[in-house]
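Work through the exercises below with the sequence and the model side by side, and try each task before reading its solution.

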Amino acid sequence: MMRATVMYGAGYVRIESVPEARIVERTDALVIVTHACICGSDLWPYRKLEHTDTGLRMGHEFIGVVEDVGADVRSVKRGDVVVAPFMWSDGTCEFCEQGLQTSCLHGGFWGGTELDGGQGEAVRVPQADGTLVALPLGRGDSLMPSLLTLSDVMGTGHHAAVVARAGAGRIVAVVGDGAVGLCGVLAARRLGAEQIILLGRHADRIALGREFGATDVVSERGEEAIERVLELTGGLGAHSVLECVGYEESTNTALRIARPGGAVGRVGVPQDAAMPAAQSTFRKNITIAGGPAPVRAYMAELLPDVMEGRIEPGRVLDRVTDLDGVPDGYRAMNEREAIKVMISF
Ligand SMILES: [Zn+2]
């Protein structure tokens with residue numbers, strides 16, 4: 001047996017013994033987890049999940065050491081330190097070839113009732129060749145927090161910036177000061193944005209956002225927030241807007257602060273079936289893009305910047321715990337005591 005995080009319902013997360021992870025398919029790898037995270041998206045079930053007797057295995061961001069590989073695995077070997085993206089993918093299908101691994105025809109999500117999750121001692125990794133990326137370092141390296149963000153939040157913030165066409169000379173607005181929003185600020189600066197407006201209300205997060213490159217902060221909400229962004233942009237709005245929350249109000253704000261011809265990159269998981277601002281975005285020719293970030297595709301581009309210290313997205317991980325501290329880590333993130341929690345095994 002091994003120990004892992006299991007969620008049984010809203011507010012109910014436990015560490016318990018589960019069957020040991022093992023190789024099943026010839027394309028699998030077995031990874032012993034050394035570092036993992038609790039994600040903002042783990043908080044959706046933490047707030048809303050109906051009770052389940054079977055429980056859901058949790059965690060989709062992890063780094064570990066390869067313990068064993070199936071007979072067909074070529075790209076990683078025993079002893080390699082590897083990072084996993086938040087979905088697994090074969091790397092060879094039509095969509096993986098396009099760099100859209102989150103739509104892989106043979107891929108899927110970690111955890112749940114079928115697979116191991118990252119918040120546990122070991123993980124069976126399906127499609128290891130397409131999924132894992134070997135890291136050129138040892139397991140104790142100080143770059144681990146930043147490397148861990150390539151699993152999800154840094155790649156997701158980068159995706160929002162890319163699909164919102166952030167770049168040199170552009171005014172970027174980032175809606176949301178969680179880990180993804182802060183990484184969106186970092187990504188926008190990395191891409192050369194001229195002005196970066198962060199919409200958020202938490203003092204600690206705003207302070208980090210400024211260090212990451214935010215030039216302006218808007219802490220109002222609703223109509224007042226929209227007016228403030230217009231004031232900061234000569235009445236025109238932002239060229240590129242990153243929606244990093246997923247609520248109706250934040251989405252409405254994001255769609256309405258984009259200038260005519262601008263683009264909105266949505267990476268906050270939508271919590272509603274309908275999208276607001278249908279008419280104003282139509283009138284203004286707003287491009288609405290985004291979705292689950294293909295972070296596997298971005299690892300090659302972002303890894304050198306992390307390795308060489310040009311970006312330090314791991315600063316969003318402001319609390320570290322061991323596996324036993326994971327239930328309290330969920331509580332701390334849910335109560336906004338921590339931006340994002342790293343689990344060190
Ligand atoms: Zn694929």
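The model is predicted, so local features need pLDDT of at least 70 and side-chain atom pairs count only at pLDDT 80 or more, whereas totals for chains, interfaces and linings use all residues. Residues are numbered from 1 along each chain as its sequence is written, and side-chain values use heavy atoms, with hydrogens and water left out.

**Exercise 1.** Determine which of Cys 96 and Cys 104 are buried or exposed, and describe the zinc site that holds them.

*Solution.* Begin with burial (under 20% relative accessible area with a 1.4 Å probe, protein chains only): Cys 96 and Cys 104 are both buried. Next, list the donors (N, O and S atoms within 2.8 Å of the metal): the zinc ion is bound by OD of Asp 90 and by SG of Cys 93, Cys 96 and Cys 104, at 2.1 to 2.3 Å. Along the chain these donors follow the spacing D-x2-C-x2-C-x7-C. Finally, examine the angles among the four donor atoms, which run from 93 to 123° and make the site tetrahedral, a label that requires all angles to lie between 85 and 135 degrees.

**Exercise 2.** Assess the overall dimensions of the protein chain and its radius of gyration.

*Solution.* Start from the C-alpha atoms, which fill a box of roughly 60 × 40 × 35 Å along the principal axes. Then apply the globule rule, 2.2 Å times the number of residues to the power 0.38, with the radius taken over C-alpha atoms; for 345 residues a compact globule would have a radius of gyration near 20 Å, and the chain agrees because its value is 20 Å. Lastly, turn to burial across the chain, where 57% of the 345 residues count as buried.

Conventions:
Donors = N, O, S within 2.8 Å, 3.2 Å for Na, K, Ca; no water. Tetrahedral: all angles 85-135°; square planar, octahedral: opposite > 155°, others 65-115°. Buried < 20%, exposed > 50% of the residue type's maximum accessible area, 1.4 Å probe, protein only.
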